[in-house]
Amino acid sequence: MKFAKLALFATAMTIAPVAANAQDVGATVMGNDDAPIGTVTANEGGVVTVDTGKHSAPLPANLLAEREGQWTVNATKAQIDGMMDAQVAQAQAAADAQAAAEAEAAAKLAAALVVGNAVITADAQPLGSITELDEANVVVSNDEVGLVTLPRGFFALDAEDQLVARANLADIVAAVQGG
């Protein structure tokens, strides 16, 4: 008898359609105001991406619930778009701040790369002073080995805004002397 019930249950399960999952691509997600928020475009790693028409909003899958046969989230489209707008603005502000910091650092370095300025090495040893420079290279006069030509990209400013060649003195001297 148990076998018959189990067989009947298995047959019923194979015949009954499986309900659509909110994580299925193409499913519509409704807001708590009963208005559509958007359509599921992806489901990866417990995050359901919903296209709101304005943003691709990543929502944790566990926030989606089935209510009266529709998949819902406890927010409105306007709330989700507003949260995404804030995240986009925050990311843009961070990118702008990073770009401004990089531009400021590049300007400070360019201002330091002038004839006569002293250069130290990465191990804080004096290398010499700049005697000439062009778009690609900087020439530094060193008492031990004479003129040292290094590419512009080889220079940086340290925490005290001193001009630094990005190698230690022994390596620079060895390279100039062919070693």
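Two strands are said to pair if DSSP finds at least two bridges between them, and with that in mind the tour of this predicted model can begin at a hairpin.

**First stop: the hairpin of S3 and S4.** Select strand S3, residues 47–51, together with S4, and you will see two strands that run antiparallel and are joined by five bridges. Between the strands of this hairpin there are four residues, and one residue to click on here is Gly 53, which takes a positive phi near 100°. Now show the side chains of S4, where Ala 57 and Leu 59 form a covered face, while Ser 56, Pro 58 and Pro 60 form an uncovered one. If you pick Leu 59 in S4, the residue that stands opposite is Val 48.

**Second stop: the sheet.** Widen the selection to the open sheet of six strands, whose order is S4-S3-S2-S1-S6-S5 and whose pairing is mixed. Which strands stand at the edges? They are S4 and strand S5 (65–67), and because each has a single partner strand, one side of each is left without a neighbour in the sheet. As you turn the view, follow the twist, which averages 45° from one strand to the next. At the S5 end, three bridges join S5 to S6, and these two strands run antiparallel; within this pair, Ala 65 has Thr 72 in S6 as its bridge partner. Helix H2 packs on the sheet, where H2 touches S2 and S4, and the direction of H2 makes about 105° with that of S4.

**Third stop: the loop before H2.** Select Thr 76, which lies in the loop between strand S6 (70–72) and H2. Is Thr 76 buried or exposed? Its relative accessibility is 17%, and because buried means under 20%, Thr 76 counts as buried. Leaving aside neighbours within four places in sequence, the residues in contact with Thr 76 are Asn 32, Asp 33 and Ile 37. You may also draw a distance from Thr 76 to Pro 36, since their C-alpha atoms are separated by 8.3 Å although the two residues are 40 residues apart along the chain.

**Fourth stop: helix H2.** Select residues 77–112, the 36 residues of helix H2, which at 1.5 Å a residue should span 52 Å, and the end C-alpha atoms are indeed 52 Å apart, so the two values agree. Next colour Ile 80, Asp 81, Met 84, Leu 109 and Ala 112, which are the buried residues of H2. These buried residues pack against several strands, including strand S2 (36–44), strand S8 (126–133) and strand S12 (163–165). Zoom in on Asp 81, which counts as buried because its relative accessibility is 8%. The side chains of Asp 81 and Lys 77 are joined by a polar contact of 2.8 Å, and, not counting residues up to four places away in sequence, Asp 81 touches Thr 52, Lys 54 and His 55.

**Last stop: the nonpolar cores.** The largest nonpolar core has 17 residues, and those with the most contacts inside it are Val 119, Leu 127, Phe 155 and Leu 163. At least two residues of this core come from each of several elements, among them H2, S8 and helix H3 (169–176), and H3 gives the most, with three residues. Select Leu 163 and show what surrounds this side chain: not counting residues up to four places away in sequence, Leu 163 touches, among others, Leu 109, Ala 112, Val 119 and Phe 155. Finally, look for a second, separate core of 15 residues, which includes Val 29, Ile 37, Val 50 and Ala 61.

Conventions: Residues numbered from 1 in each chain as written. Predicted model: local features only at pLDDT ≥ 70, side-chain atom pairs only at ≥ 80, totals over all residues. Heavy atoms only, no water. Expected span 1.5 Å × (residues − 1). Buried < 20%, exposed > 50% of the residue type's maximum accessible area, 1.4 Å probe, protein only. Contact = heavy atoms within 4.5 Å. Core = buried A, V, L, I, M, F, W, Y, C linked by side-chain atoms within 4.5 Å. Polar contact = N/O pair within 3.5 Å; in protein donor to acceptor, adjacent residues only side chain to side chain. Axes fitted to C-alpha atoms, helices over the stretch in contact; angles between N-to-C directions.
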